[in-house]
Amino acid sequence: MTISDDTVSCRNWKSVLRHDVPASLVVFLVAVPLSLGIAVASGAPVAAGLVAAVVGGVVAGALGGSVVQVSGPAAGLSLVVAELVHTYGWRATCAITVMAGVLQLGLGWLKVARAALGVSPAVVHGMLAGVGVVIALSQLHIVLGGSPQRSALENFVELPAQILDNHTHGVVIGVLTIGVLLVWGRLPRLRAVPAPLAALMVAALTTALTGWDLTKVDLKGGFSSVEAPLMPQGDWHAIAGAVLLVALLAGVESLLTCVASNRLHDGPRADLDRELTAQGAANIVSGALGGLPVAGVVVRTTTNARAGARSRWSSVLHGVWVLLFTAVFAWMIALIPLEALAALLLFIGVQMVNLGHVRNLRSHREIPIYFVTMAGVVLIGLAEGVAIGLGLAALLALRRLAWVSVDVRQAGERRWRIVVTGSLTFLGVPRLTEALRGIPSGSAVELDLHLDFMDNAAFEALHAWRLEHERAGGVIDVDEPHGEWYSAAISGARLYPARIPPRHDRWWLPWAYRRRSRPMGSYSGDAASCEVTGADGAGGGDHDGVTAIPGPQGVPDLLEGAREFQRRTAPMVRPLLHRMARKQSPSHLFITCADSRIVPNIITASGPGDLFTLRNIGNLVPRAGAVPADDSVAATIEYAVKVLEVRMITVCGHSGCGAMAALLGEVPDLPALRSWLRHGRQSLARFVAEERTEDDTGPLDRLCRVNVIQQLDNLRTHPFVDTLVRAGMLELTGLYFDIGAARVHVLEQERFTPVPELRTG
């Protein structure tokens, strides 16, 4: 069954009428006052802001890569535009906007949009905050009845005198506008009307009723008052820099808003290259028609998404509404006092200093970038502030990449431990050599290198110190748990950070097969080339690159293993174990064989506190009332079920089980073992009674599997276990581990099936 194109089209138009048209009206009501205010702050004709709003909605909305992003004049560009207007004039600024659009168009076609995301958000937010401060300081003078100065610093210096001057009606209108903006959002019944529109309406109505003589917004002639662009005159290097600045600032702000818009809706994800191309087309059209530069705007985009927009029709229609409103109701805009518009800009400027961004940057230690960028924009200029912020961000990134920690501790009498962590480059050599200088000559040193990179300068410094220390009679044990930068440098091999596999052999390989350095003082770079052999003594040919040879001193004892745990693993698991110190809450009772090749935590990928484990020869569970009695197993099951309240009991057998082999053949002449294996007779009887299966791998492994099933039945002979199983409060399951294949099988309806592997790529 298929749905016709007409039906789909009908559904789409219903969605537009239901969701996008109402959302477009809400955005339109927000866009008009903001566009007017940004035009005034930019020193451009008021109509230029409305032109940019129309073009941003229709052109960028129709062609853009985001279905909910709304473009138009942006407050973040107002300082740049104001400077361009002052330097080149308004018509030349329009030409610069056209050229910036052409540049954006080319960058979009080259598909470099994602490169803009490489700019630190701390720089962008700091830039916007600085612009907000500059706007707020300049517009505060207008609210107070004065005129703004040329720089933010001059505005700040002149502010006390401006406050002390006697201002009357203009101040009242400004304070009234800000008051409405502050309280309007707290009035639930009035939220349908956007606060900026309500504030300007109240200010205009108050001015009309009181008859106060205030300067009004000049919109004579509406769109007919706009002028065509004119090529700028002057230094072409400066003009090219201005084009580049407008293109990059508008592009970065648009792309960051585009990325943020993805979190505001569940529709199609944004296409950044398409968005950058659309912004370029919109700026070409806006500049050619005498409008402000266009960029994606966070406030309007957020309003659009929250109003329920589902498609790009909302953005397009909002531009149409701005066009119709300006053409028909331009006389209403002329009723708005400039003091009210300045108060709106003051309010917007303060909101641009977003403390939420500061809190987000704190955890990443990027607050200095934010405040340095903001201060640079306020005190020096927009381009200079952004450049300073980018430079600081690059320096901090370089510092983090070159960060190295050198921890020196005395581990005993004449024994020291040095832990070097991070990227060991020439920048960290002074810190390294300073730490190594404090090691007494002739002492034993444990040197742990947790490195993701080591350059030649660092290697030379470290190796020279090692040779000198050994010549003085000292011994050094060098260990590299995460990579082999030092050993590779000794052997002359080339290593690349992205190609170095993590070394997990510290915890899962047997003692005899660990990659171990040689005894202290005799580090060898090729000590890690080794090979794992199978049980039959043949070389293992398929071990995914895991190779090892027995250590030079034979199998280490438990004390050395405990020492390795204390050095490497304990610091990582200590916080977890500290929380578990007073109580255990395992979810499983795991019953398995005492065979040394079975490690429950490895084959189940479990950790401390997950498994309450019972191990014995043959993973046997004596039946209730069995002779000879075994209170140890019964006590473990009883404690796990009644005290720990586990919800699952797993019996895990394995291939080649020695206990099952003894049941099939001759039980060794060991009295205790012979008595214990009597509990396996039920398994043997079940094995004899069952028919062979087609996939039979041999009598021994078949008995090993049958034994798991029998032990699950034996568990049910214990009344408290059977009662909980019948009530659905306890689950019994069986596993079988094929040692040779390293494969876990799970019991399903009297048959064992391999646990499927999760494959990626």
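The following questions and answers concern a predicted model of a protein chain.

User: What makes up the protein chain in terms of secondary structure, and how much of the chain is buried?

Analyst: The secondary structure comes to 28 helices and 12 strands. The chain has 761 residues, and 47% of them count as buried. It exposes about 38800 Å², with 60% of that supplied by carbon and sulfur atoms.

User: Why is Thr-301 called buried?

Analyst: Buried means under 20% relative accessible area. Thr-301 has a relative accessible area of 1%, so Thr-301 is buried. This residue lies in helix α11, which covers residues 298-306.

User: What does Thr-301 touch, leaving out residues up to four places away in sequence?

Analyst: Thr-301 touches Val-68, Gln-69, Val-70, Thr-257, Ser-261 and Leu-264.

User: What makes the pair of Thr-301 and Val-70 a polar contact?

Analyst: A polar contact needs a pair of N or O atoms within 3.5 Å, one able to donate a hydrogen and the other to accept it. The side chain of Thr-301 reaches the backbone nitrogen of Val-70 at 3.1 Å. That value is within the 3.5 Å cut-off, so the distance condition is met.

User: Why is Leu-379 called exposed?

Analyst: Exposed means over 50% relative accessible area. The value for Leu-379 is 55%, so Leu-379 is exposed. Leu-379 lies in helix α15.

User: What makes the nonpolar surface patch that includes Leu-379?

Analyst: Leu-153, Phe-156, Val-157, Val-372, Leu-379, Ile-380 and Ile-388 make this patch of about 670 Å². A residue in a patch must have over 30% relative accessible area. Leu-379, at 55%, is over that cut-off, so Leu-379 meets this condition.

User: Which helices supply at least two residues each to the patch?

Analyst: They are α6 (152-164) and α15 (367-379). Helix α6 gives the most, with 3 residues.

User: Which residues have the most contacts inside the largest nonpolar core?

Analyst: Leu-36, Trp-90, Leu-292 and Leu-382 have the most contacts inside this core of 91 residues. Leu-292 touches several residues beyond four places away in sequence, among them Ile-38, Ala-52, Val-81 and Trp-90. A second, separate core has 39 residues, including Cys-593, Leu-644, Val-651 and Val-708.

User: How do you know that Leu-292 is buried?

Analyst: A nonpolar core is a set of buried residues. Leu-292 belongs to the largest core, so Leu-292 is buried.

User: How many of the contacts between residues at least 6 apart in sequence join residues at least 24 apart?

Analyst: In the protein chain, 72% of those contacts do.

Definitions and conventions
Residues numbered from 1 in each chain as written. Predicted model: local features only at pLDDT ≥ 70, side-chain atom pairs only at ≥ 80, totals over all residues. Heavy atoms only, no water. Patch = residues over 30% accessible without salt bridge, like charges linked within 9 Å, V, L, I, M, F, W, Y side chains within 5 Å. Areas by Shrake-Rupley, 256 points an atom, 1.4 Å probe, with all protein chains shown as cover. Salt bridge = Lys/Arg side-chain N within 4 Å of Asp/Glu carboxyl O. Helix = DSSP H or I, 4+ residues; strand = E, 2+ residues; numbered from the N terminus. Buried < 20%, exposed > 50% of the residue type's maximum accessible area, 1.4 Å probe, protein only. Core = buried A, V, L, I, M, F, W, Y, C linked by side-chain atoms within 4.5 Å. Contact = heavy atoms within 4.5 Å.
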